[in-house]
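Here are some short exercises to work through with the model open in your viewer. Try each task before you read its solution.

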Amino acid sequence: MSVKLDLIYILDIFFIISVFVIETEGLVKFFGHIKALDDLSIHVPEGISGLIGPNGAGKTTTINILAGLVKPTSGKARVLGLDVWSESLGIRRKTRFMLEGQALPKSVRVFTFLNHVAKLCGSDREEVLKVLGIVGLKDFVDRRIESLSAGMMQRLRLAQALLGSPELIILDEPTANLDPIGRVEILELIAKMNKEYGINFLVSTHILPELEEIAGWVSIIDKGKAVIEGKPGEIIPRGLYNEYRIISSNNKRLMMLLRERGFEVEDKGGYLLVKSDIHWRLYRVLGELEEYRIYVYKIEAVGTSLEEVFRKVIVGE
Ligand SMILES: Nc1ncnc2c1ncn2[C@@H]1O[C@H](COP(=O)(O)OP(=O)(O)OP(=O)(O)O)[C@@H](O)[C@H]1O
Ligand SMILES: [Mg+2]
């Protein structure tokens with residue numbers, strides 16, 4: 001065996017036994033004078049993982065580096081054992097990205113668009129039909145993309161990411177701009193894709209409790225640095241997320257309906273304060289209330305701000 005083959009063999013073994021699908025080591029990124037990443041080291045295992053941080057934490061910069069679109073000032077990053085800068089093509093073959101602000105061609109029809117993407121990634125018409133079924137867009141194949149709702153567009157982006165049988169899908173804030181129901185639907189789809197097709201996911205969000213139910217791992221970052229990493233149940237203190245502020249088109253009626261469903265609700269004049277242990281349960285119940293024509297204008301978790309988590313996790317308050 002030549003020295004070169006030997007090396008390939010060793011690297012192969014390293015890849016097989018490597019437990020992380022994504023690893024960054026001391027990543028630093030400057031945009032001019034702005035330090036977007038400040039010695040960021042994260043380790044993401046197989047399964048569904050969250051990259052969580054407040055606005056400006058460095059999530060998009062990290063993901064753009066993983067996608068080979070932004071070159072780090074210093075430090076290293078590997079995706080599926082491959083270097084993000086020198087082996088970007090290899091990564092692209094096995095990994096799909098859904099990036100922030102990625103535009104879709106508005107006037108193109110759903111099927112035409114996916115068929116085009118399929119050709120680009122060596123997939124075919126049959127797979128397009130399959131992924132349309134998975135994301136629940138089969139009835140919308142002839143629609144122009146511009147006529148889709150925000151939730152449907154996110155489904156289409158997911159469908160696009162599924163083509164070409166990737167090992168890993170990296171999504172930058174896939175639930176942004178969706179209502180609570182749309183958010184749960186997208187997250188449930190991700191869980192389904194992981195379970196049925198074994199695809200690994202890294203999902204970024206600034207809403208911590210959102211991923212609790214589906215993620216086996218979270219890497220929390222702030223100001224370009226890793227704050228803490230681990231299994232959500234082990235690193236996120238219990239009881240942090242149980243109050244929500246809701247403003248709807250009919251608060252009085254909503255209060256009654258939520259109370260009937262076992263929630264503790266207070267009318268605070270202008271908004272309702274609702275207690276719920278599990279983030280998704282409240283979302284689901286709000287979804288079921290659609291038939292009463294009550295529109296939820298705003299829902300925010302009280303006491304779930306990442307800063308509060310940071311204080312509890314790091315300072316131990
Ligand atoms: N192209 C750029 N030029 C200058 N500064 C940038 C650029 N991209 C990002 N930054 C800065 O780097 C920091 C990290 O930004 P980044 O977009 O990675 O954060 P984020 O966690 O994705 O935030 P958000 O939740 O708002 O999407 C911010 O201070 C941002 O202003
Ligand atoms: Mg971002």
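**Exercise 1.** In this predicted model, find how the residues of the shell around ligand 1 divide into nonpolar, polar and charged.

*Solution.* Start by listing the residues around ligand 1: Phe31, Ile34, Ala36, Gly53, Asn55, Gly56, Ala57, Gly58, Lys59, Thr60, Thr61 and His206. Next, sort them, remembering that Gly counts as polar. The shell then splits into 4 nonpolar, 7 polar and 1 charged.

**Exercise 2.** Work out which elements give two or more residues to that shell, and which one supplies the largest share.

*Solution.* Place the shell residues on the secondary structure: strand E2 (34–40) and H2 each give two or more. Then compare the shares: H2 provides the largest, with 3 residues.

**Exercise 3.** Trace the strand order of the open sheet of 6 strands, and name its edge strands.

*Solution.* Walk across the sheet to get E7-E8-E9-E4-E10-E11, and note that the pairing is mixed. Now look for strands that pair on one side only: these are E7 (95–98) and E11 (225–230). For the twist, neighbouring strands are turned by 15 degrees against each other on average, direction ignored.

**Exercise 4.** Describe how E7 is joined to E8, and which strands H2 touches.

*Solution.* Begin with the pair: E7 and E8 (residues 168–172) run parallel and are joined by 4 bridges. As one example, Thr95 has Leu168 in E8 as its bridge partner. Then turn to helix H2 (residues 59–66), which packs on the sheet and touches E4 (48–52), E8, E9 (200–205) and E10 (217–222). Finally, compare directions: that of H2 makes about 145 degrees with that of E8.

Notes
Residues are numbered from 1 along each chain as its sequence is written. Chains are lettered from A and ligands numbered from 1 in the order in which they are written. This is a predicted model: local features need pLDDT of at least 70, side-chain atom pairs count only at pLDDT 80 or more; totals for chains, interfaces and linings use all residues. Two strands pair if DSSP finds at least two bridges between them. Axes are lines fitted to C-alpha atoms, for helices over the stretch in contact, and angles run from 0 to 180 degrees between N-to-C directions. Two residues are in contact if their C-beta atoms, placed from the backbone, lie within 7 Å. A residue is near a molecule or strand if its C-beta atom, placed from the backbone, lies within 6 Å of it.
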